[in-house]
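Work through the exercises below with the sequence and the coordinates open. Each task is followed by a solution in steps.

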Amino acid sequence: MEHFVEIDWQKVDEIIEKYNGNREALLMIMQDISDIYNYVPPDVVPVLVNKLGVRESLVYRVATFYKTISLEPRGKYIVNVCTGTACHVRGADKIMDALEEHLNIKEGQTTDDLLFTLQGVRCVGCCASGPVITVNQKTHGGLDRASALETVKFYDQCVS
Amino acid sequence: MVKLENREALKNLRNSLQTKFQESKKKLISLCAGSGCGAYGTTKVHEKLMAELAEQGLENEVEVKLSGCHGFCEKGPIMVIHPEGIFYPQVQEQHIPEIVEHTVKNGELVKSLIFKDPATKKKITHEKDVPFYKLQKRIIFGNNGIIDPTNIQDYLSVGGYAALEKALFDMSPEKIIDEVKESGLRGRGGGGFSTGIKWASCRKHEGERYVICNADEGDPGAYMDRSLLEGNPHSVLEGMIIGAFAIGSNEGYVYVRHEYPLAVKNFSMALESARELGLLGKNILGIGFDFDIFISRGGGAFVCGESTALMASLEGNPGLPRAKYIHTVEKGFRQNPSLLNNVETWANVPVIVNNGADWYASIGTEGSKGTKIFSLVGKVMNTGLVEVPMGTSLRTIIFDIGGGILKKKKFKAVQTGGPSGGCIPEKHLDLGIDFDELTKVGSMMGSGGMIVMDQDTCMVDISRYFIEFLKDESCGQCNPCREGLKQMLDVLNRICEGNGREGDIELLEELGGMLQKFSLCGLGTSAPNPVLSTIRYFRDEYVAHIKDKKCQAGVCKPLFYYEIDPELCNGCTLCAKRCPEEAITGKKKEPHELNQDKCIKCGICYEVCKFNAVAIR
Ligand SMILES: Cc1cc2nc3c(=O)[nH]c(=O)nc-3n(C[C@H](O)[C@H](O)[C@H](O)COP(=O)(O)O)c2cc1C
Ligand code: SF4
Ligand code: SF4
Ligand code: SF4
Ligand code: FES
Ligand code: FES
């Protein structure tokens, strides 16, 4: 499936501007762009190269090194299942299994309708409330299989 | 806010806020807005509370404060009503009308909301009497529950920036460094290096010096740094300004994980208000000292917590560590002398300056001074952040503060030190923990993660889990780590799948030894710890996996099966109802049977049976 996003170039410029075009801020600029589109559209790369005066290879190296950046489109809702140690010993893998089954995708994949991306993350810092998942920026704690499914179904309803 | 031009102005402002705070007779509701409580719905509770207070015409009589993490996150959202200190855990929207009607208006308790200690079943009404808090010593974390982290005046009202004042006006940079040295403070980020010595050595090197705060908090299961940045950002900030003055730096950075949006937000606000007051910026308090701090957000790479990788990342590059022939205190960020300390280390600095090195050194053990915040999580009754003096025993932390193991199960091990730490068995529970003692038993302090494991945790699976984590996080720059971790993971995977071979344990030990000796950075050299420590203490479990093809904890699916014990099963039918595969059959009040061919080993029956009738074989 091909996906096109309409890039708001003015926004991109504003973001670069916010960091004064500082090349040290490359990662943060990509994160801010990611916050809008849920990924870094490859069309943005030449603009970053130009405005920050960095090599194209650096942009790709940074984009692939850091987990928060994706060059592939991700879903509207990014579901992060914490697989950190505290959540692991409290059964995070069972939650991942249940969500994989429900969304019919594997960890790291995005549903065909571009609604959900399912990811494992190493710890979101709410370890006392484990197992934990986050959906975009919102954290849901104290989950088990059933309540994790309910949470994700809730977002499903938000769109339909 | 007016910019503070000199010492007098700061002193006057602080004094007046302190007096106001101490003399205030107003009812104060402190509602935890930390991330943990947030995950249980603080926002809704807060909205409802404000609406209810307005409806009752109480909005001017009662002050509501959204505080940072109180530490007892498991019981969130947490509410404490002052001046009495009434403690309500797990407050939900629907409880608000009762709380306002009874407690706020009439000073009466809402019986159904009072905290019941899960260990003793006793009801406890005041925050200070809750066993989880009672045995703690909260010199770093104590103000978290009292102040609104987004309000600098709150921090001043509990004596904030008094240490900065003392450092700038009554102490020389050398004196500050000596004080930190004598306090015995050791870095809280993992290595445990003497903070004072590090400062002194950075000051010695010429160049544009930088102070940096490591808030990458990579250790999964630990979140004290997050809670400090969110709940008391000014304490970290104050520490950094003092550090900058001591080593002679004009620019600082906080490297914080992108996954911590609230920490970024609260710390940014702290920076703004400190700038407004003139505690950051040009000519701080009129003494001609310039210093400012910037935030840099990391991108979810564990290795970026390592000092040289962190600095590479700050420069906008992939976070690859480098060999440390030259230390970062000499050539670090932008090739200049750089002083990197952990969040909690920075937060200790104002406490030391305020109270003096002698006072600080009187807390803790011979080699480790002060307190440490631990993140007590996993299979323990009370989970949360626990601050105790160094030297407190594991038993006190897990059983007295933590209330023991969940569901009356049996303690098996506690994992400290993060992914590259080790698992400590029951026989060492009386160990007084500090940097050196933990190293002696094959683990380490790390950043203070403490993950409790019970009989249902498989030690082979846990070490497989850590090696998988580290293999994913390895930057791949050097061979021993990149290839060694892959090999170790292959061996562990085959053991967990039931294909373990004679000699695999020895092979793991050999690979581990190689990694320890030849890896380039700390990730690789410490990576084998979880494997080596579990082999050291739980060799039997490895042998059972390899020789008998058994996983007694019921984790490695090919190595066990569930069976219903007809002696214990009373036929309550619960498991049969819950089984997703309809693998369990039987008549009501008669022992049930489990069909192995249908069972997918999801473990639901094992979890739901109240009579321990589902057995792992
Ligand atoms: C792989 C690796 C990850 C690390 N992660 C962190 C971290 O997340 N936070 C931290 O403060 N220190 C971390 N450290 C330790 C830092 O390299 C450094 O020693 C520390 O930040 C220094 O501050 P301190 O002296 O105040 O502890 C890590 C080290 C290694 C080798
Ligand atoms: S030890 Fe591992 S993480 Fe460290 S530099 Fe080598 S490959 Fe990278
Ligand atoms: S483990 Fe799961 S599938 Fe197997 S019998 Fe129990 S509930 Fe059914
Ligand atoms: S839940 Fe336990 S007691 Fe009840 S039928 Fe199942 S095995 Fe028997
Ligand atoms: S381990 Fe899951 S939030 Fe920290
Ligand atoms: S977040 Fe509320 S107590 Fe920790």
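**Exercise 1. Place P83(B) and P77(B) in chain B, and state the geometry of the peptide bond that precedes each.**

Step 1. P83(B) sits in the loop between β3 and β4 (86-88) of chain B. The model is a predicted one, and in it the bond from H82(B) to P83(B) is cis, with omega near 10°.

Step 2. P77(B) belongs to the loop between β2 (62-67) and β3 (79-82) of chain B. G76(B) and P77(B) are likewise joined by a cis peptide bond, and omega there is about -10°.

Step 3. Such bonds are worth listing because most peptide bonds are trans.

**Exercise 2. Find where N38(A) lies and give its phi.**

Step 1. Go to the loop between α2 and α3 (44-52) of chain A, where N38(A) is found.

Step 2. Read the backbone angle: phi of N38(A) is positive, about 70°, although the residue is not a glycine.

Step 3. The sign is notable because most residues other than glycine have a negative phi.

**Exercise 3. Describe the fold elements, extent and domains of chain A.**

Step 1. Count the elements: chain A has seven helices and four strands. Their order from the N terminus is α-α-α-α-β-α-α-β-β-β-α.

Step 2. Take the extent along the principal axes. The C-alpha trace of chain A spans about 50 × 35 × 25 Å.

Step 3. Divide the chain. Domain 1 of chain A covers 9-65 and domain 2 covers 77-158; their C-alpha centres are 28 Å apart.

**Exercise 4. Set out the domains of chain B and the separation of domain 4 and domain 5.**

Step 1. The assignment for chain B gives domain 1 (22-130), domain 2 (152-361), domain 3 (371-454), domain 4 (459-548) and domain 5 (561-616).

Step 2. Between the C-alpha centres of domain 4 of chain B and domain 5 of chain B the distance is 35 Å.

**Exercise 5. Characterise the contact between chain A and chain B.**

Step 1. Start with the residues taking part: 38 from chain A and 60 from chain B.

Step 2. Add the area. The two chains bury about 3,900 Å² between them, with 51% of it on carbon and sulfur atoms. On the chain A side, E24(A), T85(A) and R122(A) lose the most area to chain B, and together they account for 20% of what that side buries.

Step 3. Turn to the polar terms. Between chain A and chain B there are seven salt bridges and 25 residue pairs in polar contact, both residues being at pLDDT 80 or more. One salt bridge pairs the side chains of E24(A) and R334(B), at 2.7 Å from N to O.

Step 4. Assign the chain A side to elements. At least two residues each come from α2 (26-37), α4 (56-65), α5 (85-89) and β4 (138-140) of chain A. The most come from α2(A), with six residues.

Step 5. Sort that side by class: it holds 15 nonpolar, 13 polar and ten charged residues.

**Exercise 6. Why does the salt bridge of E165(B) and R14(B) link parts that are far along the chain from each other?**

Step 1. Over all chains the count is 44 salt bridges. Among them is the side-chain pair E165(B) and R14(B), at 2.9 Å from N to O.

Step 2. E165(B) lies in helix α7 (residues 162-170) and R14(B) in helix α1 (residues 7-23), both of chain B, so the pair ties together parts 151 residues apart in sequence.

**Exercise 7. Which residues come nearest to ligand 2, and which to ligand 3?**

Step 1. Ligand 2 has 13 residues around it, the nearest being C475(B), Q477(B), C478(B), C481(B) and C521(B). The shell divides into eight nonpolar, five polar and no charged residues.

Step 2. Ligand 3 is surrounded by 14 residues, of which C579(B), C599(B), C602(B), G603(B) and C605(B) are the closest. Here the classes are eleven nonpolar, one polar and two charged.

Technical notes
Residues are numbered from 1 along each chain as its sequence is written. Chains are lettered from A and ligands numbered from 1 in the order in which they are written. Side-chain values use heavy atoms; hydrogens and water are left out. A residue is near a molecule or strand if one of its heavy atoms lies within 4 Å of it. Ala, Val, Leu, Ile, Met, Phe, Trp, Tyr, Cys and Pro count as nonpolar, Asp, Glu, Lys and Arg as charged, and the others, Gly among them, as polar. Contact means heavy atoms within 4.5 Å. Buried area is the accessible area (1.4 Å probe) that two parts lose on being put together, summed over both. A salt bridge is a side-chain nitrogen of Lys or Arg within 4 Å of a carboxyl oxygen of Asp or Glu. A polar contact is a pair of N or O atoms within 3.5 Å; within protein, one must be able to donate a hydrogen and the other to accept it, and residues adjacent in sequence count only if both atoms are side-chain atoms. Domain bounds come from an automatic or database domain assignment.
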